[in-house]
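Work through the exercises below with the sequence and the model open beside you. Try each task before reading its solution.

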Amino acid sequence: MKVRPAATMRASLGLFALLASGGGSAIGAEAQSPRSNPPLTSWTMQEVWRRDGTESGEPFAMPRDLLASKDGTLWMRDFKDQRIRRFDGNGKELSGVGRLGSGPGEFRNANGLLLHPDGSVWVNDPLNARLSIFTPNGKYSRQVTVATTGWGMHWDAWIDAARGRVADPILITRGFGGARSGWRLLTAGAPRRDTIARPSCPSGAVPPAMRYSATRTGKNAGAMMGRYPFTTGGGEAPDGRGGMWCADAGSTRVALVRIPRGDTIARTSIDLPPLSVGRAERDSVARAMTKAVAAYTTSDFDASKLRSTKPGIAYVQVDDDRRLWVQHSRLYGSSTTTFDVHDRRGSHVARVSLPAVLLHDGFMPIVARGNDVWANVVDADGVPAVARFRIVK
């Protein structure tokens, strides 16, 4: 494989990291709205190791999902190369998994990893219309052929713990062309595929859904589209045992609702109010967006529409120990990432400080189990890496 210089990686990742992090990691943060309800307990994290691929002569191209097996082996999906790179518990690179193609164990658009209770790893590959299954040591095992709707950046699948089934996101059709989002429950061999509907999430004061688009015609035709910066936040995280933690972009707390009825079972007790967006942060994001859309023929992006606040909750997820991790929107200029950790009923456990900026800040989950945390991170030069951290209580 051809080695990519760091400058090439920075060009492909710089805009995404800048926008997701709220304007970059420049030193000198502006004043922000204060966080409410400070917790009684705080944890920190110490970095154990970090790898960017250059150790083996092959820098990462486009890191996405991470998965850590029970023995501490880390699986990292490199989207651009369409392969999975693996590292042992000490960060030593192991043999990789897959390559671009349509044969057994190959990928064309792999966009997610999931660890099954039996130790196998499931990989979603919508362009090949299948889920590929690998053994814990990275050997191809078998596949489940499915027409999938999971074309996003991240495959939001989860495990139904009661029966060990994989819950795959789909749209459920309900008469006269109506549809509602939900999940189909899959196993490796059984032909029956039950479906369950996704419940509604208690709503906060949701900001208006503002979207932009840019198009380019001719030989290099293409399109760029998405939501305006500072309007996304919250998320959904099923706990695998009949509940789903959720918050929208206007929520200050996270609710646990029952699947599929939607009645609220519990709520977190820590408020994360919206943060003010200062001039430096706003100008930084406006410049980055304006430069990005300038590469297209037409665009409806309007920098004057950028909001003066952003959601306090950036992302929610449930870890391998059923703890809820609520990621804070990052303060402008900060080089750390903050989480509130809650137990399975929403009681606050600790506020955790991770000494790094996440590569896909607010768009990709970390991996946490016990006192270990794995994450895709990015340095000040925009070079991506994977790192293992240890929680210090």
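**Exercise 1: A pair of strands**

Tyr212 stands opposite Gly226 in E14. This is a predicted model, in which local features need pLDDT of at least 70, side-chain atom pairs count only at pLDDT 80 or more, and totals for chains, interfaces and linings use all residues. Residues are numbered from 1 along each chain as its sequence is written, and side-chain values use heavy atoms, with hydrogens and water left out.

Task: State in which sense E13 and E14 pair, and find the edge strands of their sheet.

Solution. Step 1: Helices (H or I, at least four residues) and strands (E, at least two) are DSSP runs, numbered from the N terminus. Two strands pair if DSSP finds at least two bridges between them.
Step 2: E13 and E14 are joined by 6 bridges in the antiparallel sense.
Step 3: The open sheet has 3 strands in the order E14-E13-E20, with antiparallel pairing. Its edge strands are E14 (222-227) and E20 (298-299), each of which pairs on one side only.

**Exercise 2: Strand E6 and its neighbours**

Task: Decide whether strand E6 (residues 121-125) is enclosed or open, and describe its pairing.

Solution. Step 1: Buried means under 20% relative accessible area, exposed over 50%, and partly exposed in between (1.4 Å probe, protein chains only).
Step 2: Strand E6 is largely enclosed by the rest of the structure, because 5 of its 5 residues are buried.
Step 3: In a regular strand the side chains alternate between the two faces of the sheet. In E6, Val121, Val123 and Asp125 point one way, while Trp122 and Asn124 point the other way.
Step 4: With strand E5 (residues 112-115), E6 makes an antiparallel pair over 4 bridges, and Leu113 is opposite Val123. The hairpin of E5 and E6 has 5 residues between the strands, and Gly119 in the turn has a positive phi of about 95 degrees.
Step 5: With strand E7 (residues 130-134), E6 pairs in the antiparallel sense over 5 bridges, and Asn124 is opposite Leu131. Here 4 residues lie between the strands of the hairpin, and Ala129 has a positive phi near 50 degrees.

**Exercise 3: The disulfide**

Task: Find which cysteines form a disulfide, and give its handedness.

Solution. Step 1: A disulfide is a pair of cysteine sulfur atoms within 2.5 Å. This rule gives a count of 1 disulfide.
Step 2: Cys201 is joined to Cys246, with an S to S distance of 2.3 Å.
Step 3: The torsion about the S-S bond of Cys201 and Cys246 is about 100 degrees, so the disulfide is right-handed.
Step 4: Cys201 lies in the loop between strand E12 (195-197) and strand E13 (211-216), and Cys246 in strand E16 (residues 243-247), so the pair ties together parts that are 45 residues apart in sequence.
Step 5: Cys201 is partly exposed at 26% relative accessible area, and Cys246 is buried at 2%.

**Exercise 4: The surroundings of His342**

Task: Place His342 in the chain and list what it touches.

Solution. Step 1: His342 belongs to strand E24 (residues 337-342).
Step 2: His342 counts as buried because its relative accessible area is 2%.
Step 3: Contact means heavy atoms within 4.5 Å. Not counting residues up to four places away in sequence, His342 touches Thr268, Ile270, Arg323, Leu324, Val326, Ser347, His348 and Val349.
Step 4: A polar atom of the His342 side chain lies 3.3 Å from the backbone oxygen of Gly346.

Definitions and conventions:
Polar contact = N/O pair within 3.5 Å; in protein donor to acceptor, adjacent residues only side chain to side chain.
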